[in-house]
Amino acid sequence: MNTKYIFVTGGVVSSLGKGIIASSLANLLKARGYRVSIQKFDPYLNIDPGTLNPYEHGECYVTVDGYESDLDLGHYERFTDIQTTRASNVTTGRVYKAVIKKEREGVYLGKTVQIIPHVTDEIKNRVKKLGITGNFDFVITEIGGVVGDIESLPFLEAVRQMRWELPDDSVCVHLTYVPYIAAAKEIKTKPTQHSVKKLQELGIQPDILVLRTEKDVSLDVRRKIAQFCNVAPDAVIQSIDMPSIYEVPVGMHGQHLDELVLRRTHTPEPWGPIHMEPWLNFLHRMECASKTLTIGLVGKYVELQDAYKSINESLFQAATYNDHKLKMVYIHSEKLDAGNVAEKLSGLDGVIVAPGFGQRGVEGKFVALEYCRTHDIPTFGICLGMQCMVIEYARNVLGMPHANSTEMEPECADNVIDLMETQKSVTEKGGTMRLGAYRCRLTPGSRVAEAYGQDEVRERHRHRFEFNSDFRDRFESAGMKCTGTNPETGLVEVVELPEKRWYIGTQYHPEYSSTVLHPNPIFLSFVKAAIKYQAERKLAEGEEKKN
């Protein structure tokens with residue numbers, strides 16, 4: 001069959017969850033056996049999110065082929081088990097850069113370069129790029145921003161053109177907000193009507209409306225919305241607030257979203273049954289979990305939880321598969337010191353020391369790591385967290401009080417963390433780190449090899465600075481083992497303290513490859529260690545009370 005194109009747009013307000021709806025739809029179509037790809041178009045001028053402050057945009061997600069992308073791609077992968085690529089995230093900056101490059105090269109043969117057709121053609125090419133491969137039955141494209149934003153207009157014009165060019169092979173799903181006015185005790189439909197009217201003014205008639213709401217939207221209200229928005233009554237469905245985002249695919253299937261899309265894209269029948277048993281098993285375990293696991297996350301962006309979105313979700317998945325609820329405690333590393341570290345960390349079952357960049361808050365991470373190491377709390381350091389493990393160990397065990405990373409102290413004598421040679425001449429910030437998936441060979445018998453159940457893995461990276469292998473022998477002689485290395489370069493990827501309950505640092509980001517149906521093994525191992533530690537601590541506390 002022809003590749004079908006699904007466009008997901010949003011109206012009224014941002015942060016409604018277009019990414020969750022797009023991911024849920026991809027989940028359902030994939031569960032029916034269709035080959036699905038999914039992408040996000042972002043209307044900002046940055047080339048990619050790599051240089052954006054996490055407070056601005058949440059975490060920067062990294063694809064297997066080394067593209068720094070929007071965090072919605074993390075949702076796509078967690079919901080679908082699909083590995084996204086650089087083709088899965090396109091910004092206005094990338095589009096304009098490509099158009100200007102073509103203009104400078106004379107590709108347009110002296111034509112006046114304009115938004116229409118040159119920019120919109122470039123956008124359409126990015127949509128069709130995945131479809132023309134023949135590898136996908138459906139390409140889902142989420143348009144960032146809100147209908148009415150000036151930044152989104154070229155993308156929406158490209159959608160209009162594709163809807164006109166491919167009327168039987170494309171569909172528009174529009175997500176809007178239906179507010180509940182508590183004082184009036186009424187659901188209000190006018191914002192949705194205005195949002196759809198704005199979309200219609202741009203030449204796009206939505207085929208399906210998804211209503212984001214805190215309260216149930218009655219059938220009568222949905223019929224009213226259908227009438228005023230020119231949408232079939234059965235194509236107005238609601239996405240009511242749920243305890244977990246992972247319940248959304250089931251809610252959408254219950255309202256036949258996948259069937260609506262199949263029907264409106266003229267997908268040949270029979271469609272085949274839907275197989276959601278593994279997903280439903282995860283939800284069952286999530287609902288039945290009765291015990292709670294408390295994990296502390298030490299980082300400098302903890303005010304915005306989306307800054308650590310993939311870590312949060314990876315821990316939640318691992319806790320669920322270990323039949324526990326997850327309680328996250330966020331600890332600001334800039335506010336952590338020797339005077340309050342015991343108060344902040346003593347009641348935790350495990351600690352994650354988060355990734356990041358720069359000097360701010362790093363001393364608090366050293367304090368946290370010393371406490372965790374000396375009190376034998378299960379501890380997981382990721383990227384900069386792993387580097388901080390190395391520095392703390394050098395200072396407090398190897399007798400190198402001035403050990404540091406040249407990122408924090410360029411002229412430090414004991415540069416146990418240093419810039420890669422290939423990075424020393426780099427001046428640009430965006431897209432120039434060690435990015436994407438690299439091989440990592442694990443030491444047989446090590447804790448990390450035991451966690452993965454194999455001796456080689458591929459995990460994703462996002463960093464410039466590395467463990468300085470000149471110091472490797474000193475660390476290993478003192479007890480910190482380098483149990484993961486890149487086979488091509490010899491760069492150290494994993495460190496661990498074997499004599500501790502669970503004390504491992506990874507230079508890579510395992511959270512990027514953790515999905516609902518395939519949680520990353522190292523998170524599963526960490527959570528198991530934290531559960532065991534919790535049981536041992538409670539047993540010891542019980543013995544103390546008896547005495």
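Student: How many helices and strands does the secondary structure of the chain come to?
Tutor: This is a predicted model, in which local features need pLDDT of at least 70 and side-chain atom pairs count only at pLDDT 80 or more, while totals for chains, interfaces and linings use all residues. Residues are numbered from 1 along each chain as its sequence is written, and side-chain values use heavy atoms, with hydrogens and water left out. Helices (H or I, at least four residues) and strands (E, at least two) are DSSP runs, numbered from the N terminus. The secondary structure of the chain comes to 18 helices and 23 strands.

Student: What radius of gyration does the chain have?
Tutor: The radius of gyration is taken over C-alpha atoms, and the globule rule is 2.2 Å times the number of residues to the power 0.38. For 547 residues, a compact globule would come out near 24 Å, so the chain agrees with that rule at 25 Å.

Student: What share of the residues is buried?
Tutor: Buried means under 20% relative accessible area, exposed means over 50%, and partly exposed lies in between (1.4 Å probe, protein chains only). Of the 547 residues in the chain, the buried ones make up 58%.

Student: How many salt bridges does the count come to?
Tutor: A salt bridge is a side-chain nitrogen of Lys or Arg within 4 Å of a carboxyl oxygen of Asp or Glu. By this rule, the count is 40.

Student: Which residue meets R163 in a salt bridge?
Tutor: The N to O distance in this pair is 2.7 Å. R163 sits in helix α6 (residues 153-165), and the partner is 44 residues apart from it, in the loop between α7 (190-201) and β10 (208-213). Both residues of the pair are buried. The partner of R163 is D207.

Student: In the salt bridge of R501 and D376, how many residues apart in sequence are the parts that the pair ties together?
Tutor: The side chains of R501 and D376 meet at 3.5 Å, N to O. R501 lies in the loop between β22 (492-496) and β23 (503-506), and D376 in the loop between α14 (362-374) and β15 (379-382), so the parts they tie together are separated in sequence by 125 residues.

Student: Is D376 buried or exposed?
Tutor: R501 has 33% relative accessibility and therefore counts as partly exposed. D376 has 19%, so it counts as buried.

Student: Which residue forms a salt bridge with R441?
Tutor: The closest N and O atoms of the pair are 3.3 Å apart. R441 is in strand β18 (residues 434-442), and its partner, 15 residues apart, is in strand β19 (residues 456-463). R441 is partly exposed because its relative accessible area is 41%, and the partner also counts as partly exposed, at 28%. That partner is E456.

Student: Which residues do salt bridges that share partners join into one network?
Tutor: The bridges in question have partners in common. The network joins K40, D42, D70, D72 and E142.

Student: Where is R32 found?
Tutor: R32 is buried, because its relative accessible area is 13%. Contact means heavy atoms within 4.5 Å; not counting residues up to four places away in sequence, R32 touches H253, D258, E259, L262, W271, G272, P273 and I274. R32 is found in the loop between α1 (18-31) and β2 (36-42).

Student: What distance separates the C-alpha atoms of R32 and W502?
Tutor: R32 and W502 are 470 residues apart along the chain. Their C-alpha atoms are separated by 40 Å.
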